[in-house]
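Biologist: I would like a close look at one part of this model, and then a walk outward from there to other parts. Please keep it plain enough for a first-year student.

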Amino acid sequence: MPSETPQPAFVLVRPQMGENIGAAARAMWNFGLDRMRVVAPRDGWPSEKAVAMASGAGRLLDEARLYDDLAGALDDCTYVYATTARPRELTKPVLSPERAMEEARARIAEGERVAVLFGPERAGLENEDVARANAIISVPVNPAFPSLNLAQCVLLTGYEWQRTGGDVVHVADVLRGDWATGREIEALAAHYEERLEEAGFFFPETKAEGMKINLRNLWSRMRLSRADVQMLHGIMRQMVRWKSR
């Protein structure tokens, strides 16, 4: 059964290749989406090629709802978005994928049933399809080459859906062990100053103080782990030992 997570239904309208349906399923499941609807697939249904391409997301294909026409696929929906990279002459709100998914999440939270339409690979949605939508999602692509693969468009929209949920970590420090403390950084700085002083590095004397400040600033600019500090101590000790051989 589909998950209980509130989400939009992704409707693939007249998809032409089973491989693209499978890739779309995989893209959906990458972002926790599992409400797929398939309208009049060209090569029939079920599709062995779709299953092979879906990899670990084959469950979405097993649970996908099949429809003969778009009207049936949208029968229970209260708000519909149509994805397109081409300008349309239809008067409708046009939203970026990011803003559309923000709005979709808000509508779903209020109890609405939302669907997103994705057109066939060759030319995308027809105007007749777009006419059934309440709003358009316009993907900002290269105008000289606006064609998006079906699965790529599904992936892009799914990613924006994920982002609106606040589940995306924009910056993360991957650390094995612990960060070095101020005391440990201070000891490292003192170690290097002492050995560099002995080596005559801080020359001329008039610039020595500024050089030491710059060196300490270097340690603070680099956020070091305890393992980093231990390695840097070891490097300096080995250099001193090597010099005395």
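Why does Arg-14 count as partly exposed?

Modeller: The model is predicted, and everything below is computed from it. Arg-14 counts as partly exposed because its relative accessibility is 30%, and that class covers values from the buried limit of 20% up to the exposed limit of 50%. The residue sits in the loop between β1 (9-13) and α1 (18-30). Its backbone is also worth a look: phi of Arg-14 is near 50°, a positive value in a residue that is not glycine.

Ser-55 can be read in a similar way. Phi of Ser-55 is near 55°, again positive in a residue other than glycine. Ser-55 belongs to the loop between α2 and α3 (58-63). With a relative accessibility of 48%, Ser-55 counts as partly exposed, because exposed would need a value over 50%.

On the other side of α2 there is another loop, the one between β2 (36-39) and α2 (48-54), and Ser-47 is found in it. Ser-47 has 12% relative accessibility and therefore counts as buried. A polar atom of the Ser-47 side chain lies 3.1 Å from the backbone nitrogen of Ala-50. Pro-46 is in this loop between β2 and α2 as well. The peptide bond that joins Trp-45 to Pro-46 is cis, with omega about 0°.

A cis bond also joins Phe-203 and Pro-204, and there too omega is about 0°. Pro-204 is placed in the loop between α8 and α9. That brings us to the helices.

Helix α8 (residues 182-198) contains Ala-189. α8 packs with helix α9 (residues 205-221) at an angle of about 145°, and the two axes are 10 Å apart. The crossing of this pair is right-handed. From α8, the contact is made by Ile-185, Glu-186, Leu-188, Ala-189, Ala-190, Tyr-192, Glu-193, Leu-196 and Glu-197, and from α9 by Lys-212, Leu-215, Arg-216 and Trp-219. Sorted by class, the residues of this contact are 8 nonpolar and 5 charged, with no polar ones.

Ala-189 shows what this packing looks like from a single residue. Its relative accessibility is 2%, so Ala-189 counts as buried. Setting aside neighbours within four places in sequence, Ala-189 is in contact with Arg-216 and Trp-219. Both of these residues are among those that α9 brings to the contact with α8.

Helix α10 (residues 226-243) holds His-233. His-233 counts as buried because its relative accessibility is 15%, and buried means under 20%. Apart from neighbours within four places in sequence, the residues in contact with His-233 are Ala-187, Leu-188 and His-191. Leu-188 appears in the contact of α8 with α9 too. Along the chain His-233 and His-191 are 42 residues apart, but 7.5 Å separates their C-alpha atoms.

Ala-189 and Thr-164 give another pair to set beside that one. These two residues are 25 apart in sequence, and their C-alpha atoms are 44 Å apart in space. Thr-164 leads to another pair of helices.

Helix α5 (residues 97-109) packs with helix α7 (residues 150-164) at about 55°, and their axes are 8 Å apart. That angle makes α5 oblique to α7. α5 passes α7 in a right-handed crossing. On the α5 side the contact is made by Pro-97, Glu-98, Met-101, Glu-102, Ala-104, Arg-105 and Ile-108; on the α7 side it is made by Leu-156, Thr-157, Glu-160, Trp-161, Arg-163 and Thr-164. The residues of this contact divide into 6 nonpolar, 2 polar and 5 charged.

Thr-157, in helix α7, is a good place to stop. Thr-157 is buried, because its relative accessible area is 1%. Not counting residues up to four places away in sequence, Thr-157 touches Phe-10, Thr-83, Met-101, Val-116 and Phe-118. Met-101 is one of the residues that α5 contributes to its contact with α7.

To return to the start: Arg-14, at 30% relative accessibility, is partly exposed, whereas Thr-157, at 1%, is buried.

Technical notes. Residues numbered from 1 in each chain as written. Predicted model: local features only at pLDDT ≥ 70, side-chain atom pairs only at ≥ 80, totals over all residues. Heavy atoms only, no water. Helix = DSSP H or I, 4+ residues; strand = E, 2+ residues; numbered from the N terminus. Buried < 20%, exposed > 50% of the residue type's maximum accessible area, 1.4 Å probe, protein only. Polar contact = N/O pair within 3.5 Å; in protein donor to acceptor, adjacent residues only side chain to side chain. Contact = heavy atoms within 4.5 Å. Axes fitted to C-alpha atoms, helices over the stretch in contact; angles between N-to-C directions. Parallel < 35°, antiparallel > 145°, perpendicular 65-115°, else oblique. Left-handed = near helix turned anticlockwise from the far one by under 90°. Nonpolar A, V, L, I, M, F, W, Y, C, P; charged D, E, K, R; others polar.
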